[in-house]
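Please open the model in your viewer and keep the sequence panel visible. This tour proposes one selection at a time and states what is found there.

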Amino acid sequence: MMIQCKVAPLNINPMIGPYPDALDYWGGKNAYKILNEGEYYRLLTPILLHAGVLHLVGNVAVQLDQGAFYEKEWGSVVWLIIYISSAIGSSILSCCFMPDNVSVGSSGAVMGLFGAKLAEVFCRACESDKSQQGKVGHFVRKEQFTESMCAVTLVMLFSFVPFVDWAAHLGGVLAGFCAGMVCFSCYIQTKPFLMLWFFVGLGLCATFYGTTLAYMFNEVEPIEDLDDVCGYYQQFFDDYECNCQLEDGD
């Protein structure tokens, strides 16, 4: 993408990456096109893109560390369910609260993994700690809870700096927690607690996605300028170049 669409100046993209219209061209989150042109795939494709080299390196580092660890611990199927649902949830909340920004990156999905870990700790807290194994399990989960809370807190604190989509990060955490409640309640050994937290998880998922989708479709009105992302950003940067636009008739 950077070869085809060129690298933007740092005043436009400080992540050392392409121009924003290139990110839109390749499938970045664009609330106007999602809501007015029916391009719903943009709720998922942003996780395949990154704003630049720095953005990519940061997310890959976290995924190779914590992401790989969680996949080994949970299994690929559970990991993928949480990752994808968190990605979609992060894009939906970003459309709700930051509709006038083109956003990309897998950080919302990664935040969802931390949210799911919090849900796992919550669900596994129902297990007995009377045996030695149970005591060890509770101790380990307390450590994991502390680590996950620290990670979520730190990321959210830095989510309000310029060029960072705080709504996507928050949406990822919430969606990951909801999906985690459904997935990890199934591992609870006590059947009454299993049924209780499973249906609580389903209720949380229905509430989160139902509320955010209803708000997105009924209340959000993105600016029409996002139909032409290149023209939109040229209003703010004199040196903005459009190198990734579809030709007329394509």
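Begin by selecting Ser-94. Leaving aside neighbours within four places in sequence, Ser-94 is in contact (heavy atoms within 4.5 Å) with Lys-29, Pro-99, Ser-103, Asp-165, Ala-167 and Ala-168. Ser-94 is buried, with a relative accessible area of 1%; buried means under 20% relative accessible area, with a 1.4 Å probe and protein chains only.

This is a predicted model, in which local features need pLDDT of at least 70, side-chain atom pairs count only at pLDDT 80 or more, and totals for chains, interfaces and linings use all residues. Residues are numbered from 1 along each chain as its sequence is written, and side-chain values use heavy atoms, with hydrogens and water left out.

Next, select helix H5, residues 76-97, in which Ser-94 lies. Helices are DSSP runs of H or I with at least four residues, numbered from the N terminus.

Now add helix H8, residues 166-185. The two helices pack at an angle of about 145 degrees, with their axes 7 Å apart; axes are lines fitted to C-alpha atoms over the stretch in contact, and angles run from 0 to 180 degrees between N-to-C directions. Among the residues that meet here are Ser-86, Gly-89 and Leu-93 in H5, and Gly-172, Ala-175 and Gly-176 in H8.

Finally, display the whole protein. How many helices does the secondary structure contain? There are 10 helices and zero strands, a strand being a DSSP run of E with at least two residues. Of the 250 residues, 47% count as buried. The C-alpha atoms fill a box of roughly 70 × 35 × 30 Å, taken along the principal axes.

Definitions and conventions: Buried < 20%, exposed > 50% of the residue type's maximum accessible area, 1.4 Å probe, protein only.
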